[in-house]
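Colleague: I am new to this structure and would like to go through it with you step by step. Could you show it to me before I begin with my questions?

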Amino acid sequence: MPPIPGSGLAKGLAVTLRTMTKRTVTAQYPDVQPELPPRTRGVIGLFEENCTVCMLCARECPDWCIYIDSHKETVPAAVPGGRERSRNVLDRFAIDFALCMYCGICIEVCPFDALFWSPEFEYAETDIHELTHERDKLREWMWTVPEPPALDPGAEEPKEIAAARKTADKLQAQEAREAQEAQDAREAQGSAEGHSDRTAEQEGQE
């Protein structure tokens with residue numbers, strides 16, 4: 001069936017009329033901040049306590065916009081007779097947001113949850129070189145990261161929480177065991193001292 005002449009024009013006018021009857025809504029930015037979705041990709045926040053300088057984020061970044069510097073420090077042995085260990089200490093962590101394409105690969109590959117999406121978006125600069133933000137600024141953005149959504153009631157407990165709870169339970173049991181052993185030792189020492197006092201008293205009476 002051939003199209004009716006003028007049907008395209010009628011459809012266009014119908015769209016125009018529907019748009020004209022809708023109420024116009026003006027965003028009063030910057031006086032009123034917009035309500036952003038919880039998973040907005042604004043900037044990347046850094047929780048540097050979790051960073052082990054594994055360099056995985058910098059190696060996987062397709063734009064090579066992450067710059068990391070570190071040095072090694074020797075950690076003394078935790079127990080007598082143990083061996084010293086070396087660990088990486090973070091010196092610099094910077095992201096060039098002039099190159100970043102907000103793909104989120106660095107956040108996904110981080111094995112220690114050191115990078116997070118922040119909804120902050122007001123970081124425009126007049127100089128492109130100032131879009132390279134160091135770890136102090138990334139740390140400030142970390143505190144604007146929204147809390148993760150609550151788990152479903154029937155969801156399994158995350159492995160990280162289960163492992164942390166297991167470690168805490170072991171530590172608590174060990175402390176309780178050590179406290180009980182110390183209490184038993186004090187009681188045994190007290191009974192031994194009492195027995196020696198009674199023996200000395202009996203020998204004195206004889």
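Colleague: Which residue of β3 is the bridge partner of D69?

Modeller: Please keep in mind that this is a predicted model. Strand β2 covers residues 66-75, and β3, which covers residues 85-96, pairs with β2 in the antiparallel sense over ten bridges. Within β3, the bridge partner of D69 is R92.

Colleague: Which strands stand at the edges of the sheet?

Modeller: The sheet is an open one of three strands, paired in the antiparallel sense and arranged in the order β2-β3-β5. A strand with a single partner has one side left without a neighbour in the sheet, and therefore the strands that stand at the edges are β2 and β5.

Colleague: What angle does the direction of helix α4 make with that of β3?

Modeller: Helix α4, made up of residues 135-142, packs on the sheet, where it touches both β3 and β5. Taking the direction of this helix together with that of β3, the angle is about 85°.

Colleague: Is V53 buried or exposed?

Modeller: V53 is found in the loop between β1 and α2, and its phi is a positive value in a residue other than glycine, near 55°. Its relative accessibility is 7%, and since buried means under 20%, V53 counts as buried.

Colleague: And W64, is that residue buried or exposed?

Modeller: W64 is found in the loop between α2 and β2, and its phi, near 55°, is likewise a positive value in a residue other than glycine. The relative accessible area of W64 is 60%, and because the class begins over 50%, W64 is exposed.

Colleague: Which residue does a cis peptide bond join to Y29?

Modeller: The bond in question has an omega of about 10°, and the residue that follows from it lies in the loop between α1 (7-21) and β1 (43-46). The residue joined to Y29 by this cis peptide bond is P30.

Colleague: How much accessible area does the nonpolar patch formed by Y29, L36 and F121 have together?

Modeller: One member of this patch, F121, has its place in the loop between β4 (115-118) and β5 (132-133). At 37% relative accessibility, F121 counts as partly exposed, and a residue needs over 30% to be part of a patch. Together, Y29, L36 and F121 form a nonpolar patch on the surface with an accessible area of about 280 Å².

How values were computed. Residues are numbered from 1 along each chain as its sequence is written. This is a predicted model: local features need pLDDT of at least 70, side-chain atom pairs count only at pLDDT 80 or more; totals for chains, interfaces and linings use all residues. Side-chain values use heavy atoms; hydrogens and water are left out. Patches are made of residues with over 30% relative accessible area and no salt bridge: like charges are joined within 9 Å, nonpolar side chains (Val, Leu, Ile, Met, Phe, Trp, Tyr) within 5 Å. Accessible areas come from the Shrake-Rupley method with a 1.4 Å probe; for residues, only the protein chains shown count as cover. A salt bridge is a side-chain nitrogen of Lys or Arg within 4 Å of a carboxyl oxygen of Asp or Glu. Helices (H or I, at least four residues) and strands (E, at least two) are DSSP runs, numbered from the N terminus. Buried means under 20% relative accessible area, exposed over 50%, partly exposed in between (1.4 Å probe, protein chains only). Two strands pair if DSSP finds at least two bridges between them. Contact means heavy atoms within 4.5 Å. Axes are lines fitted to C-alpha atoms, for helices over the stretch in contact, and angles run from 0 to 180 degrees between N-to-C directions.
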